[in-house]
Amino acid sequence: MRSLLIRCYPARWRARYADEFEAILEERPLGPFDVADILLGALDARLRFRGHGVATQDPRRFTMSLRIGGIAAIVGASLLVIGLALIGGRARGTETASAIALLVAFVALLVALTGMSAFQARSNPWLVWTAFAVAAVGTVVTFIAGVSDLAGVGPTDWRDGPLALGVVAVGLGSAAFGIATYRGSVLSRKGALSLVIGPAIGFIGVFAVGQNLWELGMLLVLVGMVSFLAGWFTLGVAAIRLDRTPALKPA
C-alpha cells in the first residue's frame, strides 16, 4: 500500500522526496487518516508542481486534520437526527428525503471516522480499518436504498429494504471505532463508550420489538439512538479541541 500511495505523487516530487517519505511511512501503521492525508497531499503536489519546478515542500506536512473530523462528526450526528425523525414520522412522501438525509449523515460520519482515527490507528490499526470498512459498506448500501427510492423500486417499508442493513452496518462500524477510541485514550473516553453502548442498546430494543415487547423495545431504541448521537457529538467536540493543541496533533 505504501508504494502505491507514494506513486500518487508526481514523478518530480518522488525523485526528491520518495526515499525520505517512504522511511517515514515505514515507522508506523497507516490508518484511514493517514491514507486520506497522503492522497490530499498528492493532489496538492500535482496542482503545485504542474508547470513549475520542484517546490520546497515538507513531505511530512499533514493536510487532513482532527478539526475536519470533529466538524463532520457534529454535522453527521445532526443530520442523523433529521433523517431518523423523518423515518419515525412515517409521513407519506418523506421516504426519499429520509434516505438522502441518512446518506449525507453517514458520509459525514465516515469522514469523521477518517479524520479522528489518527491516534487509534497507531495501536489498533486493524480495528480502525474494520470500523472504516463496515461503515463504508453501510454508506454504500444506504446510497443504493436512496437510488431505489428515487427510481420508485424500493420497498414500501424501509425496514424491508437495504436501508435497514445500511443503518445496522454504520452502527456496527461506529461501535468498533468507539472501542478503538476508548482503548486509545486520546479523545473523550465517555464519548467513545457512548458510541459503543448506543448501537448495542438499540439492537436489543429492535429485538424486543420483534418479540412484541413494543413499549420496552421502543424505549431501548430511543435510549440507544440518544447514546449513539451523543457519542459522535462528544467525540467531535473533543477532536476540535484537541486539534487546537499543536503538541497533541498527529505527526
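How accessible is Ser185, and what does that make it count as: buried, partly exposed or exposed? Keep that one in mind while you go through these points; the answer comes at point 5.

1. First, a caution: what you have in front of you is a predicted model. Please read everything below in that light.

2. Now the overall picture. The chain holds 10 helices and zero strands, so if you go along the sequence with a pencil you simply write α-α-α-α-α-α-α-α-α-α. Of its 251 residues, 45% count as buried. The chain exposes about 12,900 Å², and carbon and sulfur atoms supply 66% of that area. Have a look at the contacts too: among those with a separation of 6 or more, 76% are between residues 24 or more positions apart.

3. Next, pick out a pair of helices, α8 (residues 162–184) and α9 (residues 189–210). Their axes come within 8 Å and cross at roughly 150°, and the crossing is left-handed. On the α8 side, the residues that meet α9 include Val168, Leu172, Phe177, Ile179 and Tyr182. On the α9 side you'll find, among others, Leu193, Val196, Pro199 and Phe203. Sort the residues of this contact by type and you get 12 nonpolar, four polar and one charged.

4. Thr181 deserves a stop of its own. This residue is found in helix α8 and takes part in the contact with α9. Is Thr181 buried or exposed? With a relative accessible area of 1%, Thr181 is buried, because the cut-off for that label is under 20%. Leaving aside residues up to four places away in sequence, Thr181 touches Gln120, Val186, Leu187, Ala192 and Leu235. With Gln120 there is also a polar contact of 2.9 Å, joining the two side chains.

5. Back to Ser185, which is found in the loop between α8 and α9. Its phi is near 55°, a positive value in a residue other than glycine. And here is the answer to the opening question: Ser185 has 42% relative accessibility, so it counts as partly exposed, the label for values between 20% and 50%.

6. Finally, where would you look for another positive phi in a residue other than glycine? Try Asn212, with phi near 70°. Asn212 is found in the loop between α9 and α10 (214–243). At 71% relative accessibility, Asn212 counts as exposed, because that label starts over 50%.

Key
Residues numbered from 1 in each chain as written. Predicted model: local features only at pLDDT ≥ 70, side-chain atom pairs only at ≥ 80, totals over all residues. Heavy atoms only, no water. Axes fitted to C-alpha atoms, helices over the stretch in contact; angles between N-to-C directions. Helix = DSSP H or I, 4+ residues; strand = E, 2+ residues; numbered from the N terminus. Left-handed = near helix turned anticlockwise from the far one by under 90°. Contact = heavy atoms within 4.5 Å. Nonpolar A, V, L, I, M, F, W, Y, C, P; charged D, E, K, R; others polar. Buried < 20%, exposed > 50% of the residue type's maximum accessible area, 1.4 Å probe, protein only. Areas by Shrake-Rupley, 256 points an atom, 1.4 Å probe, with all protein chains shown as cover. Polar contact = N/O pair within 3.5 Å; in protein donor to acceptor, adjacent residues only side chain to side chain.
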